[in-house]
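Please open the structure in your viewer and keep the sequence panel beside it, since each stop on this tour begins with a selection. A careful reader may wish to pause at every stop before going on to the next.

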Amino acid sequence: MSAAMDTESTYSGYSHYSGHSKKAHRQGRDRHKSPRSKDGSRSEKSVTIQTPPAEPLLGNDASRAEEGQDDNWGETTTAITGTSEHSISQEDIARISKDLEDSVGLDCKRYLGLTVAAVLGLLVFLTPIAFILLPQILWRDDLEPCGTVCEGLFISVAFKLLILLIGTWALFFRQPKADLPRVFVFRALLLVLIFLFVFSYWLFYGVRILDSKDTNYQGIVQYAVSLVDALLFIHYLAIVLLELRQLQPTFTVKVVRSTDGESRYYSLGHLSIQRAALVVLENYYRDFTVYNPALLTASKSRAAKHMAGLKVYNVDGPGNNASGQSRAMIAAAARRRDSSHNELYYEEADHERRVRKRRARLVVAVEEAFTHIKRLQAEEQQKAPGEMMDPREAAQAIFPSMARALQKYLRTTRQQQYHSMESILQHLSFCITNNMTPKAFLERYLNPGPTLQYDRDRWFSKQWTLVSEEAVTSGLQDGVVFVLKCLDFSLVVNVKKIPFIKLSEEFIDPKSHKFVLRLQSETSV
Amino acid sequence: SYLFSFSFQQRIEIHKLRQGDNLILGFSIGGGIDQDPTQNPFSEDKTDKGIYVTRVTEGGPAEVAGLQIGDKIMQVNGWDMTMVTHDQARKRLTKRNEEVVRLLVTRQSLQKAVQQSMMS
């Protein structure tokens, strides 16, 4: 209920500044302010069915929820029917259960891998030090004295270990930014290699040096130095395998979103399928416009109309020819004279015009609103302390004059659920603080932006599944197709190899550029 | 029915008209080996650098004699005109001491198929 209280406070703040609006208008407008951002994870999860009040509203279908905040709500609505405010639709149940079950299982695997690697790393790091110290501890008196040579070797071991430490920290100690389905093949190989390597060194050390109590200390120290050198080379191998190999682009990848066909191309090097999927997803959040289910309703209704056109009844009883039936249906549908293309054309032209009109009104309203604000310079700030406002107050002061135009525009372009009043106010005060022009303020609202720009609750895409016919740890090949699915849509990824380019050279002598005049004259005789 | 074109040669005799101090023939020429043959609208072969009649003034001596626009001038008074520069062609046509020029021209013509004319 605290969420409801919070939203009530924002509504009251809003109505205070828009004193000129009538009650009915206010009610209509409030419908579209979504206070959802305060609700956290419960966004778009409650559905309330009500009959609309006097003013008909767009976007009141399907999923938009409303908790009546207005005092006059009860008077003007004719009936309130349906479920309670906290009912959950079927899709949301699926979504919640999926969230729960996935978060528990994979964490164990990740932490296990991390601990194994950490233990191995520590062991490997301490090994050369152990090699050097053990003879000193165990049979100090028998050792041959070894003067400057050994001291020089001690210094070199110390610095090489320091370099190895810094390099390992830079390369491996990074926060994992993703949870991948299968283990990294190269990392696992490297861990195994290091383990075998160090194991064989210990074996040799244990048998030849510890058991026989070798007295040649210089030889022992040089053995330890060779271990550190080899570890540095393995680190170099790790850099090449894990970082450098995929830098050179070898494949071009086409990513298409299944719901609206938006597509992008990316260049990748030699990667496994799961790592390529990771790259694609990282770029998805930045490059693709946010998934907006409200934009798909038009094509869905058209599809429904196509299917509803013909009904086929089987009058001959069982034993029907199902494929023949469907073919007959398709043929009949093709022959039917359909004017839906006409409707589509006029509807789209109409919508385009409406959007442009609303956009023009919005731009004018915002420009006018911005002229009311002036930044005070330092000297002027002392002169009139009473009128000074901080950015938030200034934003709240000019917001009402542009609020209606902005809301109408967002409604027409079906973006209204992505921008709550609070977020608009915050953005406005941000723009005022940074001296942005009205156009810069509007840039966020005029066109749908990438998914990252919006609140996390509005993303329909947080949990991804990689669907692939080949093993996800195998490398990319030409013609590989894999699909990244989330609950509402999927991204189809098509891999193509960058062609082998044959480049030849041609030398042009700078003196060889010569020209001639071509005329066509006409003479009268 | 279909159309095909062929060219035939014609001899044309033009009597020059005196206008003030000049003797004029009443047509304009284009082409020449020093000109750009691809810009010639009348030639069938765009590498043809011959001299073509580009304009015929109405009522002038050339029109009276039967010269038509698009004709290719092959000879002037026995002088060959297929391999001359534009200026040489002009000079050969405007010699002051000649009052009559005899041209050998080639003209393209479109003819309907003989079949159709026989059937109709």
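What follows is a walk through one chain, from an overall view to single residues and pairs of helices.

**The whole chain**

Begin with chain A in cartoon form, bearing in mind that this is a predicted model. Chain A holds 15 helices and six strands, and buried residues make up 32% of its 525 residues. If the contacts in chain A with a separation of 6 or more are taken together, 75% of them are between residues 24 or more positions apart.

**Helix H4 and Ala130(A)**

Select helix H4, residues 90-138 of chain A, and within it pick out Ala130(A). With residues up to four places away in sequence left aside, Ala130(A) touches Pro135(A), Trp202(A) and Tyr205(A). Then add Ala224(A) to the selection: although the two positions lie 94 residues apart along the chain, the C-alpha atoms of Ala130(A) and Ala224(A) are separated by 8.9 Å.

**The cysteines**

Next select Cys146(A) and Cys150(A), which are joined by a disulfide with an S to S distance of 1.5 Å; the count over all chains comes to one disulfide. Is each partner buried or exposed? Cys146(A) is partly exposed, with a relative accessible area of 21%, whereas Cys150(A) is buried, with a relative accessible area of 1%. Two further cysteines can be shown alongside them: Cys431(A) is buried at 0% relative accessibility, and Cys486(A) is buried at 9%.

**Helix H5 and Val157(A)**

Move to helix H5, residues 148-172 of chain A, and select Val157(A) within it. At 6% relative accessibility, Val157(A) counts as buried, because buried residues are those under 20%. Leaving out residues up to four places away in sequence, Val157(A) touches Ile132(A), Val225(A) and Val228(A). One of these partners, Val225(A), is 68 residues from Val157(A) in sequence, yet the two are 5.9 Å apart in space, C-alpha to C-alpha.

**Helices H11 and H13**

Now select helix H11 (residues 340-371) and helix H13 (residues 391-412) of chain A, whose axes come within 9 Å and cross at roughly 165°. An angle over 145 degrees counts as roughly antiparallel, and H11(A) and H13(A) are therefore roughly antiparallel to each other. Their crossing is left-handed. To see the contact itself, show side chains on both helices: H11(A) contributes residues including His351(A), Val355(A), Arg358(A), Leu362(A) and Phe370(A), while those of H13(A) include Ile398(A), Met402(A), Leu406(A), Lys408(A) and Tyr409(A). Colouring the residues of this contact by class gives 11 nonpolar, three polar and four charged.

From the end of this pair, continue into the loop between H13 and H14 of chain A and select Arg414(A) there. Arg414(A) has a phi near 60°, a positive value in a residue other than glycine, and at 29% relative accessibility this arginine is partly exposed.

**Helices H14 and H15**

Select helix H14, residues 421-433 of chain A, together with H15(A); the two pack at an angle of about 150°, with their axes 9 Å apart. H14(A) and H15(A) are therefore roughly antiparallel to each other, and their crossing is right-handed. On the H14(A) side the contact is made by Ser423(A), Ile424(A), His427(A), Leu428(A) and Cys431(A), which meet Phe441(A), Arg444(A) and Tyr445(A) in H15(A). By class, this contact has five nonpolar, two polar and one charged residues.

In the loop between H14 and H15 of chain A, select Asn435(A). Its phi is near 55°, a positive value in a residue other than glycine, and Asn435(A) is exposed, with a relative accessible area of 55%.

**Thr451(A), the last stop**

Finally, follow the chain into the loop between helix H15 (438-446) and strand S3 (465-468), and select Thr451(A). Which residues does Thr451(A) touch, not counting residues up to four places away in sequence? They are Tyr284(A), Tyr285(A), Phe288(A), Thr289(A), Val290(A) and Trp459(A). At 2% relative accessibility, Thr451(A) counts as buried, and Thr451(A) has its place in a loop.

Terms used: Residues numbered from 1 in each chain as written. Chains lettered and ligands numbered in written order. Predicted model: local features only at pLDDT ≥ 70, side-chain atom pairs only at ≥ 80, totals over all residues. Heavy atoms only, no water. Axes fitted to C-alpha atoms, helices over the stretch in contact; angles between N-to-C directions. Helix = DSSP H or I, 4+ residues; strand = E, 2+ residues; numbered from the N terminus. Parallel < 35°, antiparallel > 145°, perpendicular 65-115°, else oblique. Left-handed = near helix turned anticlockwise from the far one by under 90°. Contact = heavy atoms within 4.5 Å. Nonpolar A, V, L, I, M, F, W, Y, C, P; charged D, E, K, R; others polar. Disulfide = S-S within 2.5 Å. Buried < 20%, exposed > 50% of the residue type's maximum accessible area, 1.4 Å probe, protein only.
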